[in-house]
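The exercises below can be worked through with the sequence and the coordinates side by side. Each task is followed by a solution that proceeds step by step.

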Amino acid sequence: MFGDMMGMMGKLKETQEKIEATKKRLDHVTLQEESPEGLVKVNLTANREVKAITIDDSLLTDKEKLEDYLVLAINKAVDAATKVNEAELAAVAKEGMPNIPGMGSMFK
């Protein structure tokens, strides 16, 4: 029983290390989303850190439209990054947990 517990603890530590490595890797996965008509573009990492925002000059005279497009593009980009982030981390966690009673089914 004690050996099983030590094995589980080792597996948990290994899985945690893989999760941390995946988080670091996701800092280098870049996504780009844009507003309608492509007038605002947002680049961010899969860890949801905004790296760049590009605004078409035509929006510089229409503050309300610019604000609306920024909100749309940023929300779209964050949603896409969240999906990538969660899928990658869930895959790592699922890989590390199948032999721990009750944990394998958590990530299906």
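A residue counts as buried under 20% relative accessible area, as exposed over 50%, and as partly exposed in between. The model used throughout is a predicted one.

**Exercise 1.** Classify asparagine 47 by its relative accessibility, and list which residues it touches beyond its sequence neighbours, leaving out those up to four places away.

Solution. Begin by placing the residue: asparagine 47 is found in the loop between S2 and S3. Next, compare its accessibility with the cut-offs; because its value is 24%, asparagine 47 counts as partly exposed. Then look for contacts, not counting residues up to four places away in sequence, and the list for asparagine 47 reads Lys23, Leu26, Asp27 and Asn85. Finally, take the C-alpha distance to valine 84, which is 8.7 Å from asparagine 47 in space although the two are 37 residues apart in sequence.

**Exercise 2.** Apply the classification to threonine 22 and to isoleucine 55.

Solution. Threonine 22 has its place in helix H1, residues 2–26. Its relative accessibility is 7%, and therefore threonine 22 counts as buried. Leaving out residues up to four places away in sequence, threonine 22 touches Glu88, Leu89 and Val92. Isoleucine 55, by contrast, lies in strand S3, and with a relative accessible area of 31% isoleucine 55 is partly exposed. Isoleucine 55 also helps to make a nonpolar surface patch of about 330 Å², together with Val50, Ile53 and Leu60.

**Exercise 3.** Determine the order of the elements along the protein chain, and work out how strand S2 is joined to S1 and to S3.

Solution. First count the elements: the secondary structure of the protein chain comes to 2 helices and 3 strands, which run α-β-β-β-α from the N terminus on. Strand S1 (residues 30–34) and strand S2 (residues 40–45) run antiparallel and are joined by 5 bridges, while S2 and strand S3 (residues 50–55), also antiparallel, are joined by 5 bridges. To fix the register, follow leucine 44 of S2, which stands opposite leucine 31 and also opposite valine 50 in S3. Last, inspect the connections: the hairpin of S1 and S2 has 5 residues between the strands, and glutamate 37 there takes a positive phi near 70 degrees. In the hairpin of S2 and S3, with 4 residues between them, arginine 48 in the turn has a positive phi of about 65 degrees.

**Exercise 4.** Which residues have the most contacts inside the largest nonpolar core, and which elements give two or more residues to this core?

Solution. The largest nonpolar core has 14 residues, and those with the most contacts inside it are Leu31, Val40, Val42, Leu44, Leu59 and Tyr69. The elements giving two or more residues to this core are S2 and helix H2 (63–96), and the largest share, 6 residues, comes from H2. For a close view, take valine 40: apart from residues up to four places away in sequence, its contacts include Ile53, Leu59, Leu66, Tyr69, Leu70 and Ala73. As general background, nonpolar side chains tend to be buried together in soluble globular proteins.

**Exercise 5.** What percentage of the residues of the protein chain count as buried, and what part of its exposed area do carbon and sulfur atoms supply?

Solution. Of the 108 residues, 27% count as buried. The protein chain exposes about 7,300 Å², of which carbon and sulfur atoms supply 56%. To complete the description, consider contacts between residues at least 6 apart in sequence, among which 50% join residues at least 24 apart.

Conventions
Residues are numbered from 1 along each chain as its sequence is written. This is a predicted model: local features need pLDDT of at least 70, side-chain atom pairs count only at pLDDT 80 or more; totals for chains, interfaces and linings use all residues. Side-chain values use heavy atoms; hydrogens and water are left out. Two strands pair if DSSP finds at least two bridges between them. A nonpolar core is a set of buried Ala, Val, Leu, Ile, Met, Phe, Trp, Tyr and Cys residues joined through side-chain atoms within 4.5 Å. Buried means under 20% relative accessible area, exposed over 50%, partly exposed in between (1.4 Å probe, protein chains only). Contact means heavy atoms within 4.5 Å. Accessible areas come from the Shrake-Rupley method with a 1.4 Å probe; for residues, only the protein chains shown count as cover. Patches are made of residues with over 30% relative accessible area and no salt bridge: like charges are joined within 9 Å, nonpolar side chains (Val, Leu, Ile, Met, Phe, Trp, Tyr) within 5 Å. A salt bridge is a side-chain nitrogen of Lys or Arg within 4 Å of a carboxyl oxygen of Asp or Glu.
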